[in-house]
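Colleague: I'd like to learn how to read cores, rings and pockets in a model. Could you walk me through them?

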Amino acid sequence: MLSQPPVWLIIVAFLGAIGPLVIVHELGHYWVARLFGVGAEQFSIGFGREVGGWTDRRGTRWRIGWLPLGGYVKFVGDADPTSLTKDDDNAGASGAAFDSRPPWQRFLIVLAGPVANFLLAIAIFAAFFAAYGAPATSSRIGSIVPGSAAAQAGLQPGDRIVTVAGRDTPTFEDIFRTVSLRPGETVEIELVRNGRSEVRRATLATAVERDRFGQEYRVGRLGIGGGVPEVKPVPAARIVPLATSYVGAMITATWDGLAQIVTGRRPVSELGGPLRMAQIAGQQASISLIDFVQLIAFFSINLGFINLLPVPALDGGHLVLTAIEGVRRKPVSPRVTEWALRGGLAFLLGLMIVVTFNDLAAFGLWDKVGRLIG
């Protein structure tokens, strides 16, 4: 078992992972806005008092805030960083006002942030596939664990698994990823046996595993063995499509995990927050640069995904309001928008409290407090 990395490495790794992702996200908004002629007043990395920055020839203030846990781009005519109040002082920035653009342009500007995060993840995986190849273990069953979920469902060696729980599984890695997210669930498995398609139902086992740092995770188990794991070179023309497919599979897995928590199939205690992310970043950085860069790709996917959730104050909430405006042919009333945004901020604050509580529990803080009290 590996020892936990030092606190300084955790902090440096977390900032080194989150900082670039925020920059990429905000640059997505910024460049699409520039494409439509929208001016930007501020481009901020971090929040709070400015500790450094410069103003470009278009009047945009590029600034660094003292709290490096996020960022924003403020357009001419846009709301302030809290998205609640207008600021008529454009600080000399040139370009059209954000709210003067038609709804479809504003929709694309908002959408560009999460898309930029997905594109970054695709670029990272494409670089890995070009340099090292890609895992390509067949989805054909090599062996069955006696008494396992697979054995009880009647699966046999030689069967080729096509889908699990409605998810395509072209490789054994896809099977593993899909099954791991569903401990204790009963799932449908589509397979091909002797050229004929069949559907079986299996109740997945639940296993508790420990990673290299001793942290425990509940995972699903089907009880099958695959072929010999292979990493095969990827033809140049297939690198980007394969990386895109890989990112799409990870987005689907993220959606599955969130849906399971919302529907109660997984406990809310499994939600992690910034403290947990920082710990994982430090752990991966302590292993190798390659592991750390792969983690950045995963964080980038999650940042894009979370921002697309239809919660006011997130990009997804703005997309919903803009889409409603496009359908109604008139803006949503300022009062409705304000209350929606305030509600979204309250939800995010409550969620932050929950995930921070979970993070501290994962670190064992509450157990230590309980022992002190007891």
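**Reading the model**

Modeller: Let's begin with one ring: Trp62 has 16% relative accessibility, so Trp62 counts as buried (buried is under 20% relative accessible area, exposed over 50%, partly exposed in between, with a 1.4 Å probe and protein chains only). Please keep in mind that this is a predicted model, where local features need pLDDT of at least 70, side-chain atom pairs count only at pLDDT 80 or more, and totals for chains, interfaces and linings use all residues. Residues are numbered from 1 along each chain as its sequence is written, and side-chain values use heavy atoms, with hydrogens and water left out.

Colleague: How many aromatic pairs are there?

Modeller: Rings of Phe, Tyr and Trp (its six-membered ring) pair if their centres lie within 6.5 Å; planes under 30 degrees apart are stacked, over 60 edge-to-face, and the rest tilted. By this rule there are 13 aromatic pairs. One of them, Tyr30 with Trp31, is edge-to-face, at 5.3 Å centre to centre and 75 degrees between the planes. Phe43 and Trp62 are stacked, because their centres are 4.6 Å apart and their planes at 25 degrees. Phe43 belongs to strand β1 (residues 40–55) and Trp62 to strand β2 (residues 61–75), so this pair ties together parts 19 residues apart in sequence. Strands (E, at least two residues) and helices (H or I, at least four) are DSSP runs numbered from the N terminus. Tyr30, Trp31, Phe43, Trp54 and Trp62 make up one aromatic cluster.

Colleague: Which residues touch the most other members of the largest nonpolar core?

Modeller: A nonpolar core is a set of buried Ala, Val, Leu, Ile, Met, Phe, Trp, Tyr and Cys residues joined through side-chain atoms within 4.5 Å. The largest has 29 residues, and Phe125, Phe129, Phe299 and Ile301 touch the most other members. Helix α2 (103–132) is among the elements that each supply at least two residues, and α2 gives the most, with eight residues. A second, separate core of 18 residues includes Phe172 and Leu222.

Colleague: And where does the largest share of the lining of the second largest pocket come from?

Modeller: Rolling a probe the size of a water molecule over the atoms shows where empty space is left. On a 1 Å grid over the protein atoms alone, a pocket is an open set of points where a 1.4 Å probe fits, with protein on both sides within 12 Å along at least five of seven lines; lining residues have an atom within 4 Å of a point. Here 26 residues line the second largest pocket, and Pro170, Thr171, Asp174, Ser245 and Ala249 lie nearest its centre. The largest share of that lining, eight residues, comes from α5.
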